[in-house]
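This report describes one protein chain and the ligand bound to it. The sequence and the structure are shown first.

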Amino acid sequence: MSSIQKSQIEAALGTVMEPDLGRDLMTLGMVENIAVDEAGNVSFTVVLTTPACPMKEKIKNSCVEAIKAAVPEVGSIDVNMTSKVTSSCSHGGHGNHDGHGHHGAQGGHGAPQKIDLPNVKNIIAVASGKGGVGKSTVSLNLAVSLAASGAKVGLIDADLYGPSIPTMVGLQNVKPEVQNQKLMPIEKFGVKMMSIGFLVDPETALIWRGPMASSAMRQLITDVDWQELDYLIFDLPPGTGDIQLTLVQNLAISGAVIVTTPQEVALADVAKAVTMFRKVGVPILGLVENMSWYELPDGTRDYIFGRQGGETFAKTNAITFLGSIPISSSVREGGDNGIPAIIANPDAPTSQAASRVAGEIARQVSILNANCSMN
Ligand SMILES: Nc1ncnc2c1ncn2[C@@H]1O[C@H](COP(=O)(O)OP(=O)(O)OP(=O)(O)O)[C@@H](O)[C@H]1O
């Protein structure tokens with residue numbers, strides 16, 4: 001008969017800090033179902049804020065160590081790691097005392113209602129100051145990677161003038177069904193997708209300007225039956241013009257990810273994207289540097305577009321650096337063949353880098369949501 005009390009386990013786990021949130025797991029309510037059997041074997045569940053948590057193993061090991069140190073007579077320790085994705089505070093009223101979301105610049109009394117999707121926990125906008133830096137590639141790999149970790153994920157390709165997601169996932173000639181007056185997203189690689197490219201041919205979209213473009217965007221968001229999603233990745237059109245500004249102003253975005261290459265010209269444009277998000281009060285989750293280097297056959301790196309431009313920019317502008325993704329022919333081939341590199345070649349360094357970036361983004365969303373609900 002074991003003399004170990006549940007309270008001893010609770011006390012031990014109360015010393016384990018969540019590395020990002022700076023509070024212990026018990027205070028954060030992350031531990032459930034603690035059980036101690038007669039032989040002194042312990043089991044419990046740790047509920048993380050995202051299945052893509054890069055700290056998963058670290059937290060698990062810390063729990064085991066804390067219990068062993070506090071209760072040396074313990075038998076086996078069975079830690080069940082699970083997750084429940086937290087919701088963004090950008091939903092009107094959620095986690096925010098004034099009930100108007102956190103977008104101070106726009107969210108005040110009398111401000112127009114932002115488009116909100118109550119069943120979508122987090123909308124992540126992926127932006128770039130300039131075209132061709134790999135924004136769609138990063139958005140797609142982010143979506144696929146989060147879905148592979150177990151999250152419910154959607155992806156919107158809002159590039160009116162050059163939708164690339166249909167080609168990148170091999171769905172060029174697919175048309176979405178309409179059910180109950182809603183467009184059904186098309187599911188591939190575990191991700192629910194909607195692209196302007198599924199709805200109109202590129203020549204038609206090319207002639208749209210201003211209100212036509214804005215209403216097409218609105219439809220992509222509100223007329224789609226997304227159902228419940230943990231993350232909706234919004235691949236914004238490249239640049240920082242009126243279309244982009246209207247979108248980020250009118251949509252309840254949780255946070256923005258900015259994609260750049262290390263090149264200086266791309267970075268000058270990145271500054272504009274940063275300014276745009278800051279102006280409308282959308283938190284910037286961080287910056288991803290794409291096409292950071294090319295690995296030569298002898299293992300050395302060729303920094304084709306310059307070195308660490310993204311990281312330096314992030315530092316000087318007080319933005320989180322989310323990671324670098326090298327140039328690889330498998331990424332380009334994946335884009336052309338309709339199978340994302342992360343699926344076709346998950347062990348390639350580029351795929352690993354893209355997965356790490358996805359984990360970092362999920363982590364930043366969790367931190368943002370936790371900080372906002374604590375305030
Ligand atoms: N890390 C990488 N390595 C190799 N090729 C890449 C990488 N990232 C993107 N590419 C390739 O670069 C091209 C442009 O990428 P992508 O379409 O993702 O950029 P974008 O910024 O979304 O462009 P657009 O401005 O057209 O929306 C594609 O052919 C893609 O396959």
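The text below moves from the whole chain to its domains, then to one strand and the ligand shell.

**Overall fold**

The model is predicted. The protein chain contains 13 helices and 14 strands. Its C-alpha trace spans about 75 × 60 × 40 Å along the principal axes. For 375 residues, a compact globule would have a radius of gyration near 21 Å, so the 22 Å of the protein chain agrees with that expectation. Of these 375 residues, 48% count as buried. Among contacts in the protein chain between residues at least 6 apart in sequence, 75% join residues at least 24 apart.

**Domains**

The domain assignment divides the protein chain into domain 1 (6-83) and domain 2 (120-374). The C-alpha centres of domain 1 and domain 2 are 34 Å apart. Eight residues from domain 1 and 13 residues from domain 2 make up the contact. On the domain 1 side, the residues that touch domain 2 comprise five nonpolar, two polar and one charged.

**Strand S4**

Strand S4 covers residues 120-127, and eight of its eight residues are buried, so the strand is largely enclosed by the rest of the structure. Strand S4 is joined to strand S10 and to strand S11. The table lists these two pairings.

| Partner of S4 | Residues | Bridges | Direction | Opposed residues |
|---|---|---|---|---|
| S10 | 229-235 | six | parallel | Ile-123 and Leu-232 |
| S11 | 255-260 | four | parallel | Ile-124 and Gly-255 |

Ile-123 thus has its opposite residue, Leu-232, in S10, while Ile-124 stands opposite Gly-255 in S11. In a regular strand, side chains alternate between the two faces of the sheet.

**Ligand shell**

Which elements each supply at least two residues of the shell around the ligand? They are helix H3 (135-148), strand S12 (284-295), strand S14 (321-327) and helix H11 (329-337). There are 21 residues around the ligand, and those that come nearest are Gly-131, Gly-134, Ser-136, Thr-137 and Gly-335. By class, the shell holds six nonpolar, twelve polar and three charged residues.

Conventions. Residues numbered from 1 in each chain as written. Predicted model: local features only at pLDDT ≥ 70, side-chain atom pairs only at ≥ 80, totals over all residues. Near = placed C-beta within 6 Å. Nonpolar A, V, L, I, M, F, W, Y, C, P; charged D, E, K, R; others polar. Buried ≥ 20, exposed ≤ 12 C-beta atoms within 10 Å, placed from the backbone. Pairing = 2+ DSSP bridges. Domains from an automatic or database assignment. Contact = placed C-beta atoms within 7 Å. Rg over C-alpha atoms; globule rule 2.2 N^0.38 Å.
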